[in-house]
Amino acid sequence: MADQLKPYTISIPDEKIQDLQQRLALSKFATQLESSEQDPWDFGTPVTEVQRLVKYWQNGFDWRKAEAKLNELPQYQTQIEVDGFGSLDIHYIHQISNNKNAIPLLFSHGCDDDSPAFHVVAPSLPNFGFSSGVTRRGFGLAQYAEVLHKLMIKLGYDQYVTQGGDWGFWITRTIGLLYPEHCQASHINMVLAYPPKFTENPWAALQHALLPYNDREKAGRERSKWFEREGYGYNQLQSTKPQTIGAALEDSPVALLAWIYEKLHDWTDSYPWTDDEILTWVSIYWFSAAGPAASVRIYYEAIHGGTIKGDSYKALVAYVPRVKLAIAHLPREIVVVPSSWAAGLGPVVQQTEHPHGGHFAAWEVPESIVQDLRAMFSRTGPCYRAVLGKDGY
């Protein structure tokens, strides 16, 4: 546990901030297609929005203030050895509960409750934030899972539970496949699943065949169709030619802003983003240890990288045994599946339909995530005693 006590403080050098300011001062903006009565976001991030935020980023936004706020979190950095890739510097938040029976929670993307309580570990993934970048090919989902698992072991948590959305869905699922003796339960707030098959999950398949979709599920199917039709282009590019879009993101803060802001707008449930929130998110990408281009490599590597226990990444959208699973359904997630589909992902012990929330649930509606975790691990919950504390709690 001694290694965790080496604190990490975010401190971006002045010259990097000055470089950003110079680039913003030389910004060149695209022309804007006339919108008339159409949604100005249909074509992507509106030029007027980009211009407004660039002006504020250059003349009003205070990175040092945002940096100080981030540094209020208990942050650390440690080295994790990854098979075939050497040692990586991994940045993480570690909020230790005062409750000696607290449950170790690996938060992949805190909450410190009286009943139940959690030791929260929230790492920056390799290639993101203030963790190392990886330039050698083949760093796929198995390697991301290896990093997070080894981090938990290094912190003294031989058994733990996980919570994830976005890439956290894929990585926590991979952890469940590779380390089921350590990962005791998972909660996910992005749900990717297929219709259940009678050969694999007959009870869920029967429910799916006989019961009509409820209003949430009907609206969710429309949301999913919209995303596949209008919102999936970024994924196609990043999963096939990440170096191409990476060149723009690495060189131009304007390109990075427009690229990320589009997702913050389209993927949330009308969340009222402030300019400071938007620019803090984008600035973390810009000032990241590996650079903005590194963050898109995971899309390619997840598909083209090595197999997970001899199977492709698609096995993660199938039944993962042994690890108990809880699911949060959010109405404005980028993909919204029926409950009968989600039931086929593993030994599902809890499904909750939340009235609000989108893709960035941990930011938009953190109370919903906390609510689920409390219900999941409480004394009356389906995962009570999933991880035993010092007193056998």
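**A colleague's note on helix packing and a pocket**

1. A good place to start is helix H7, which gives the most residues to the lining of the second largest pocket, five in number. Please keep in mind as you look around that this is a predicted model.

2. Staying with that pocket, the space inside the second largest pocket comes to about 810 Å³. Its lining is made of 30 residues, and the closest to the centre are Trp170, Leu192, Phe227, Tyr232 and Val335. If you prefer to navigate by helices, those that supply two or more lining residues are H5 (167–178), H7 (215–231), H8 (233–238) and H12 (297–304). Sorted by class, the lining of the second largest pocket holds 20 nonpolar, five polar and five charged residues.

3. Next, follow H5 to its packing against helix H4 (residues 141–154). The axes of H4 and H5 come within 9 Å and cross at roughly 75°. Angles from 65 to 115 degrees count as roughly perpendicular, and H4 and H5 are therefore roughly perpendicular to each other. On the H4 side you will find Leu141, Ala142, Tyr144, Ala145 and Leu148, and these meet Trp167, Trp170, Ile171, Thr174, Ile175 and Leu178 of H5. The contact of H4 with H5 has ten nonpolar residues, one polar residue and no charged ones. Trp170 may look familiar: this H5 residue takes part in the contact with H4 and is also among the residues closest to the centre of the second largest pocket.

4. Now turn to helix H2 (residues 47–59) and helix H10 (residues 253–266), whose axes come within 10 Å and cross at roughly 125°. That angle makes H2 oblique to H10, and the crossing of the two is right-handed. H2 brings Glu49, Val50, Arg52, Leu53, Val54 and Trp57 to the contact, while H10 brings Pro253, Val254, Leu257, Ala258 and Tyr261. By class, the contact of H2 with H10 counts nine nonpolar, no polar and two charged residues.

5. H10 also packs against helix H11 (residues 275–286), at an angle of about 130° and with the axes 10 Å apart. That makes H10 oblique to H11, and H10 passes H11 in a right-handed crossing. From H10 the contact takes Pro253, Leu256, Leu257, Ile260, Tyr261 and Leu264, and from H11 it takes Ile278, Leu279, Trp281, Val282, Tyr285 and Trp286. The contact of H10 with H11 has twelve nonpolar residues, with no polar and no charged ones.

6. One last thing to look for on H10: which of its residues serve both contacts? Pro253, Leu257 and Tyr261 are listed in the contact with H2, and Pro253, Leu257 and Tyr261 are listed again in the contact with H11.

Terms used:
Residues numbered from 1 in each chain as written. Predicted model: local features only at pLDDT ≥ 70, side-chain atom pairs only at ≥ 80, totals over all residues. Heavy atoms only, no water. Axes fitted to C-alpha atoms, helices over the stretch in contact; angles between N-to-C directions. Helix = DSSP H or I, 4+ residues; strand = E, 2+ residues; numbered from the N terminus. Parallel < 35°, antiparallel > 145°, perpendicular 65-115°, else oblique. Left-handed = near helix turned anticlockwise from the far one by under 90°. Contact = heavy atoms within 4.5 Å. Nonpolar A, V, L, I, M, F, W, Y, C, P; charged D, E, K, R; others polar. 1 Å grid on protein atoms, 1.4 Å probe; cavity = no way out; pocket = protein on both sides within 12 Å on 5 of 7 lines; lining within 4 Å. Points joined across faces, edges and corners; volume = space filled by probe spheres on them.
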